[in-house]
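Subject: Structure for your review

Dear colleague,

Please find below the structure that I am handing over to you. I would be grateful if you could read the notes beneath it with the model open.

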Amino acid sequence: MKVALVQFQPVFGDVAANIATADQLLLQLEAAAGGAEMRAAKKRAKNRAKEEESAAQQKQAQHQQHQQHQQHRQGEEAGSAGRAEAAAAAAAAGADVGSNDDDDDNDDGGRIGHGVDLVILPEMAFAGYVFRNRQEIAPFIEHPYTGPTASWAKATAKRLGCYVQVGYARHDDDSAAAAAVGATTTTTATTDENSNKRDNNNNNNNNNNNDNGPSSTSTWLNSVCLAAPTGDVVHVYDKHFLYEVDERWAAEGAAFRCVDVALGAGGGTGGGGGGRNGDNSESQQKQQPPPPPKTTIKLGFGICMDVNPYRFQAPFTAFEFARFHARARTQFIAGSMAWTLNDDDPDLPGLAPHQPLLSTVSYWAVRMSPLWDSRVAEEEGDDEDYDDGWEDVGDGGGGAEEEDEKDKKEDEKEDAGTAATMATTTTTSGGKPPPRPERVIMAIANRTGGENGTNFCGTSVVFEFRRGRRPAVLGMLGYKEEGVLVVDVGDL
């Protein structure tokens, strides 16, 4: 599986310009695919020319043989010489069939494309993020399926042949539930106190109107949509934990979510293999290898503040977001961020634009401790003595330490003890939780630059988490870098 993270500096309030920037960056993927496509097309043309030349030579040899057969009546000696000449011509023609005396041995069979399965863009990628109130953001509240962001995501997913996740501000819609069809949806355990706070916050965000369709009683949400290669929005997730900037206009989403997503066989292979070039001829189909089988993975959504303690009031070690995905057995977490930059960060002085902010990378890794630190249980209150002072990841290598026997025993104990919890979160057989995934990938797409006095820290990153091992960083972008990071995370 390959993931592509798009990091750029949006222009506040200019949706069209930001969409153009995203398109420009994604052209890197399509240009790479186009180069491979051109080489493959030239190779196919060259092979066809060889086949045609070989057929012509064989036809010529047969004609010569026929002539020699006629000449045989005129004399045995002339006939023998003619047969020898025809045989030599036929041998020469046969030697050319299937020959490959250049660098074209490694034929890709015409299966070309960028190979990306999922593209992730930042939180509220096109509208901007730091809005002062509901009145200011009102013109940018979108319909969840037909607004400019969703329309772009659908068109881009179909063009690239992969899934696309992008953040936007939306109003609620009666058809929103349709996006969750077939999803494995779980809910977080929320205390009564937090629930009351959430209800009070949501009740304050039910007025205003704009041309995009929200009524005076609609709820506005900070969300991401997931568009499939078919060109449809298949899932919408609403930010569950709001940052102070969100609370000015948005209501909280109902719960963290994990859904089943099918990759492969046209469902996000990104391989373009079914006539992306419009060539569906029999010869083209014969050259293409069969599509890969579908693989269903558990995909979790996250938006920025989701990874933090609720309203920064819950205990740091509550790990609400990470524990949810540990219990749900999520395999891949797609995070869209508008993570802010701390101008007093000691790592900033002397940091080049292409260098990542390692203090932020370390913090994100620590917030996901239940996925990799064997001292942190899936349920709050069951932890061993926990020290959250995990050191910086250094150069991003993320050294892996093998589990010891104690870690393995603790894993077995936790697996046995979570059956009751899993009964309320995912479907299981016999009341037992499904096994932990061998590893969990988390990909975070953050924005860079700044707007309205707030700066963002970039540093988009792909993590690999394995239980009992230090997190591994599979790829990062710099804190002021604009670009697309493509990482092959392997099979899940």
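The notes below start with the basis of the model, then turn to the whole protein, one sheet, one hairpin and one arginine.

This is a predicted model, in which local features need pLDDT of at least 70, side-chain atom pairs count only at pLDDT 80 or more, and totals for chains, interfaces and linings use all residues. Residues are numbered from 1 along each chain as its sequence is written, and side-chain values use heavy atoms, with hydrogens and water left out.

The whole protein

The protein has 10 helices and 14 strands (DSSP runs numbered from the N terminus: helices are H or I of at least four residues, strands E of at least two). Of its 492 residues, 49% count as buried (under 20% relative accessible area with a 1.4 Å probe, protein chains only). Among contacts (heavy atoms within 4.5 Å) with a separation of 6 or more, 78% are between residues 24 or more positions apart.

The sheet

An open sheet of 6 strands, with mixed pairing, follows the order E5-E4-E3-E2-E1-E14; two strands pair if DSSP finds at least two bridges between them. Strand E5 (233-238) and strand E14 (483-488) are at the edges with a single partner strand each, so one side of each has no neighbour in the sheet. On average, neighbouring strands are turned by 25 degrees against each other, direction ignored (axes are lines fitted to C-alpha atoms, for helices over the stretch in contact, and angles run from 0 to 180 degrees between N-to-C directions).

Within this sheet, strands E2 (118-120) and E3 (163-171) run parallel and are joined by 3 bridges; one partner pair is Ile120 with Gln165 of E3. Helix H4 (148-160) lies across E2, E3, E4 (220-227) and E5, at about 170 degrees to E3.

The hairpin and Arg439

Strands E12 (461-465) and E13 (472-476) run antiparallel, with 4 bridges between them. Glu464 has Ala472 of E13 as its bridge partner. The hairpin has 6 residues between the strands, and Gly468 takes a positive phi near 85 degrees there.

Glu464 also meets Arg439: their side chains make a polar contact at 2.8 Å (a pair of N or O atoms within 3.5 Å; within protein, one must be able to donate a hydrogen and the other to accept it, and residues adjacent in sequence count only if both atoms are side-chain atoms). Arg439 is placed in the loop between helix H10 (419-422) and strand E9 (440-445). At 12% relative accessibility, Arg439 counts as buried. Its side chain also reaches the backbone oxygen of Asp491 at 2.8 Å.

Yours sincerely

Methods:
Buried < 20%, exposed > 50% of the residue type's maximum accessible area, 1.4 Å probe, protein only.
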